[in-house]
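Me: Can you walk me through this one? I'd like the layout, then a few side-chain details.

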Amino acid sequence: PWTTQEILTHEKAVLGFYVSSHPMDQFKDELQRFSTITVADIKELKSELEVVLGGMLTRVRPTFVKNGRSAGQKMAMITIEDKTGSIDGVIFSDAYAIAAPLLQGDAIVLLKGKVDRRREEPNIIVNQVIPVRDAAAQLTQAVTIRLRNRPNPEAAATGAHPLTGYNGEFNQLKALLHQSRASNGNPSAQVFFEVLDQGKRVRLRANGVRVGVDPELPARIDTVMRTPGCCELLGAPKISVAVNRVSAEDEPQEKLVTQSAQSEFCDSIDRY
């Protein structure tokens with residue numbers, strides 16, 4: 001039997017669209033967790049706002065910079081889509097030199113960049129391309145560990161309290177976090193504890209503790225704490241459209257662009 005990816009590839013080749021599912025479905029948790037905005041909402045944002053957008057690359061067109069200090073170097077025009085729509089983007093030569101191997105058609109990625117509204121349709125100036133499988137390691141900003149009393153399986157037989165706390169798990173957790181910190185040359189994620197007891201919720205930050213993250217870290221923490229689902233990875237905060245909505249002065253206007261340090265930037269976009 002074909003794998004899910006093979007089925008989808010053949011569906012797209014024969015019909016021009018996907019039928020049984022979509023390639024993004026298997027990564028929906030990662031895309032939702034680490035994207036700060038959707039395509040539909042990004043078109044409402046003001047210019048120069050930094051975003052993280054996840055989805056599938058549906059168009060990758062390498063080309064060359066024609067003017068400025070980077071003339072003759074490769075760049076790329078791309079289109080990315082999520083479940084809400086599609087949007088174009090441009091990757092200039094410096095970013096392209098690093099990201100070129102990742103720019104494949106139908107690749108599931110997360111893009112870090114800025115909103116650009118100098119043309120009729122908004123687009124993204126892409127600074128970094130991150131494969132979805134590397135999102136946890138590169139985009140996690142915080143690790144949240146939830147602590148709460150758990151059912152005591154021995155309560156009925158022994159007459160003990162029906163709920164139990166933790167006994168020795170924190171020593172193992174400390175060792176695990178230390179290992180995660182030591183195994184990553186640049187630990188960047190903060191660690192938070194969320195305590196829930198008697199209807200009250202308190203969030204505590206582990207001061208001075210930062211860890212390196214990989215996709216298996218939540219499962220390892222769940223095992224050590226003996227509580228399934230107690231660990232969650234968090235990316236950058238979601239962007240509020242209401243607060244960052246485009247205004248009239250942000251709309252593109254016709255104007256004369258003189259030769260300046262920005263001439264390469266403007267020419268590179270407008271000529272393609």
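Reply: What follows goes through the sheets, one helix and some ring contacts of a predicted model.

Me: Fine. How many helices and strands does the chain have?

Reply: There are 10 helices and 11 strands in the chain.

Me: And what share of the residues is buried?

Reply: Of the 272 residues in the chain, 39% are buried. As for contacts, taking those between residues at least 6 apart in sequence, 62% join residues at least 24 apart.

Me: Sheets next. Which strands make up the closed barrel?

Reply: Five of them, in the order S1-S2-S3-S5-S4, and the pairing is mixed. On average, neighbouring strands of this sheet are turned by 55° against each other, direction ignored.

Me: How do S2 and S3 pair, parallel or antiparallel?

Reply: Antiparallel: strand S2 (residues 74–82) and S3 share seven bridges. One of the bridge partners to look at is Ile87 in S3, which goes with Ile80. The connection from S2 to S3 is a hairpin through two residues.

Me: What about S3 and S5, parallel or antiparallel?

Reply: Strand S3 (residues 85–91) and strand S5 (residues 123–131) run parallel and are joined by two bridges. Val90 has Ile125 in S5 as its bridge partner, and Gly89 stands opposite Ile124 in S5.

Me: What's the order of the open sheet?

Reply: The open sheet has four strands, S10-S9-S6-S11, again with mixed pairing. Strand S10 (200–211) and strand S11 (231–234) are at the edges with a single partner strand each, so each has one side without a neighbour in the sheet. The average turn between neighbouring strands here is 25°, direction ignored.

Me: How many bridges between S9 and S10?

Reply: Eight, and the pair is antiparallel. Leu196, for instance, stands opposite Arg201 in S10.

Me: Which strands does H7 touch on that sheet?

Reply: H7 packs on the sheet and touches strand S6 (142–148), S9 and S10. The direction of H7 makes about 45° with that of S10.

Me: Switching to rings. How many aromatic pairs does a search of the whole structure find?

Reply: One. Phe170 and Phe193 form a tilted pair, with 6.4 Å centre to centre and 55° between the planes.

Me: Where do Phe170 and Phe193 lie?

Reply: Phe170 is in helix H7 (residues 169–182) and Phe193 is in strand S9 (residues 189–197), so the pair ties together parts 23 residues apart in sequence.

Me: Is Phe193 buried or exposed?

Reply: Phe193 is buried, at a relative accessible area of 16%. The cut-off for buried is under 20%. Phe170 counts as partly exposed, at 38% relative accessibility.

Me: What lies over the face of Phe192?

Reply: Arg203, at 4.2 Å from the ring centre.

Me: Last topic, H8. Which of its residues are buried?

Reply: In helix H8 (residues 217–225) the buried residues are Leu217, Pro218, Ile221, Asp222, Val224 and Met225. Down the axis of H8 they fall within an arc of 165°, so they line one face of the helix.

Me: What follows H8?

Reply: Arg226 does, and its phi is positive, near 55°.

Methods. Residues numbered from 1 in each chain as written. Predicted model: local features only at pLDDT ≥ 70, side-chain atom pairs only at ≥ 80, totals over all residues. Heavy atoms only, no water. Buried < 20%, exposed > 50% of the residue type's maximum accessible area, 1.4 Å probe, protein only. Arc of directions from axis to C-beta. Phe/Tyr/Trp six-rings, centres within 6.5 Å; stacked < 30°, edge-to-face > 60°. Lys NZ or Arg CZ within 6 Å of the ring centre and 35° of its normal. Pairing = 2+ DSSP bridges. Axes fitted to C-alpha atoms, helices over the stretch in contact; angles between N-to-C directions. Contact = heavy atoms within 4.5 Å.
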